[in-house]
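Here is a guided look at a set of interfaces, meant to be read with the viewer open. Take a moment to load the structure, and then we can go through it contact by contact.

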Protein chains: 2
Amino acid sequence: MPIMASPAPSTRDRIVAAANKLFYAEGIRGVSVDAVADKAGVTKRTLYYHFQSKDDLIAAYLAGRDQPNLELFKRWFDEARGGLAAKVQAIFDNLATSARHPKWKGCGFLRTSAELANMPGHPAIKIGAAHKKKFEAWMAAEFAAAKLSDAVLLARQVTLLLDGSFATVLLHRDPAYMEAAGQAANALITNAHRKR
Amino acid sequence: MPIMASPAPSTRDRIVAAANKLFYAEGIRGVSVDAVADKAGVTKRTLYYHFQSKDDLIAAYLAGRDQPNLELFKRWFDEARGGLAAKVQAIFDNLATSARHPKWKGCGFLRTSAELANMPGHPAIKIGAAHKKKFEAWMAAEFAAAKLSDAVLLARQVTLLLDGSFATVLLHRDPAYMEAAGQAANALITNAHRKR
DNA sequence: TTGTGTATATTCACTGGTCAGTATACATGC
DNA sequence: GCATGTATACTGACCAGTGAATATACACAA
């Protein structure tokens, strides 16, 4: 497939890209709709032509992060050498590297759910929940393919370690926690292999 | 020690109590200083007599949650039957019960750090980080007392599972994740016993 | 080919309301 | 009288969302 010149992004895409940068960097409630419109080079009224409300924009922001994030995890997993445990651990180690970048601010999905904890039915939270379920289901499929008996439980525990490291590294600003989480994931998987 | 009639709470204490309820329930940025003052039955000017700024009030809110939270964890641990792994697991199971209460909204420290992720030096974040470090150090001391070799790493991994379950249960509203995290903690500790 | 209608896309200017923080004054007890 | 604590009333900034008008593009009839 030849490399194509990417078409000029639509106005809507530019708004979502601006929202992504600002919401991720400064949080949902810390960013005004005006600020997003400015960053996108568009008037606020135009933004409200493409999105019904700020809540709608928030949902679009998270929806835009879903696939790319999952693909990144899969790529880290696929490109890692070694057995299943090592490949899962590689996700954590790669994440630790990402977390050293000064612009890293944790997981956008988890941070949004923390910020909107008083609105459990918010569309953005549903998108975040679905994203994490996809990760968990992918892990479960990998474990099941390796004929591990507790594939579902194990996938859940790896997800818990992943989200724990997002939250903890955001708090302490110390990516070493991610490596500790990766070692724990490795130990749990190795253990499951032994029991098989 | 006789049970004492609790003295009438000071104005400052009433303000912190009001801030605790509102900030925990609705998030920092979602609650105005006016709302806290109203809830405390005090004018905003009085609130600003006792606190220098909203940021100062946020820090007081978290500082007030530090000791009680740690003591609760310790009580759950002490009162549980069984070995070390079972006692740690009991923390997760008790937490799952708490999380079923409709007012439960995750961990105030983690949610605040998520909301203030763009202000890494904020006093409230330092208080949250110190709180989690205390939990981790307590766990490490318990593991060291049991002569487990990787006490420090293990304590860190249990903390990661705990924070992961806070974040994940807040997102999915499903306390079963906490039980899965408790089982993972149990497995890691049991594993460490075996290696000792 | 040109004129006209219509849907899409965008702008400027505005509203009603909220928010963090403050100037000033009053009360109370030592 | 002075320190502590509380109240009323205000400021200037910001913010989500809107009304009304304008610009662009394209379909289709004259």
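## Starting at the backbone of strand C

A good place to begin is B:Val33, where a backbone N or O atom sits 2.8 Å from a phosphate oxygen of DNA strand C. Please keep in mind throughout that this is a predicted model. The side chain of B:Tyr48 also reaches the phosphates of DNA strand C, with an N or O atom 2.8 Å from a phosphate oxygen. From the other protein chain comes A:Thr11, which places a polar side-chain atom 2.6 Å from a phosphate oxygen of DNA strand C.

Stepping back, DNA strand C has 14 residues around it, and those that come nearest are A:Thr11, A:Arg45, A:Thr46, B:Lys44 and B:Lys54. Among the atoms of DNA strand C that come within 4 Å of the protein, 50% belong to sugar and phosphate. Which helices supply at least two residues each of the surface near DNA strand C? They are helix H3 (44-50) of chain A and helix H3 (44-50) of chain B. H3(A) gives the most to this surface, with four residues. Sorted by class, the surface near DNA strand C holds four nonpolar, six polar and four charged residues.

## Over to strand D

Now turn to DNA strand D. Here B:Thr11 has a polar side-chain atom 2.7 Å from a phosphate oxygen of the strand. B:His50 follows, with a side-chain N or O atom 2.9 Å from a phosphate oxygen of DNA strand D. For B:Thr46, the distance from a polar side-chain atom to a phosphate oxygen of DNA strand D is 3.3 Å.

Of the 16 residues around DNA strand D, the ones that come nearest are A:Lys44, A:Arg45, A:Tyr48, B:Thr11 and B:Arg45. Sugar or phosphate accounts for 48% of the atoms of DNA strand D within 4 Å of the protein, and bases make up the rest. Helix H2 (33-40) and H3 of chain A, together with H3 of chain B, each supply at least two residues of the surface near this strand. Which helix gives the most to the surface near DNA strand D? That is H3(B), with four residues. By class, the surface near DNA strand D divides into five nonpolar, six polar and five charged residues.

## Where the two protein chains meet

Let us leave the DNA and look at the interface of the protein chains. Chain B and chain A each bring 44 residues to their contact. Together they bury about 3,700 Å², with carbon and sulfur atoms giving 65% of that area. On the chain B side, B:Leu160, B:Leu171 and B:Tyr177 lose the most area to chain A, and together they account for 19% of what that side buries.

How many salt bridges does the rule find across the interface of chain B and chain A? It finds zero, while 15 residue pairs are in polar contact across this interface, both residues being at pLDDT 80 or more. Five helices of chain B give two or more residues to the side that touches chain A: H1 (11-26), H6 (108-115), H7 (123-145), H8 (151-172) and H9 (176-195). H8(B) provides the largest share of that side, 13 residues. In terms of class, the chain B side that touches chain A has 20 nonpolar, eleven polar and 13 charged residues.

## Inside chain A

Chain A itself is divided into domain 1 (9-51) and domain 2 (65-195). Taken over C-alpha atoms, the centres of these two domains are 28 Å apart. Their contact involves nine residues from domain 1 and ten residues from domain 2.

The two domains of chain A bury about 770 Å² between them, and carbon and sulfur atoms give 40% of it. Within domain 1 of chain A, the residues that lose the most area to domain 2 are A:Tyr24, A:Ile28 and A:Arg29, together 75% of what that side buries. The rule finds zero salt bridges across this domain interface, and seven residue pairs in polar contact, both residues at pLDDT 80 or more. On the domain 1 side of chain A that touches domain 2, there are four nonpolar, three polar and two charged residues.

Notes
Residues numbered from 1 in each chain as written. Chains lettered and ligands numbered in written order. Predicted model: local features only at pLDDT ≥ 70, side-chain atom pairs only at ≥ 80, totals over all residues. Heavy atoms only, no water. Contact = heavy atoms within 4.5 Å. Buried area = accessible area lost by both parts, 1.4 Å probe. Salt bridge = Lys/Arg side-chain N within 4 Å of Asp/Glu carboxyl O. Polar contact = N/O pair within 3.5 Å; in protein donor to acceptor, adjacent residues only side chain to side chain. Nonpolar A, V, L, I, M, F, W, Y, C, P; charged D, E, K, R; others polar. Near = heavy atom within 4 Å. Domains from an automatic or database assignment.
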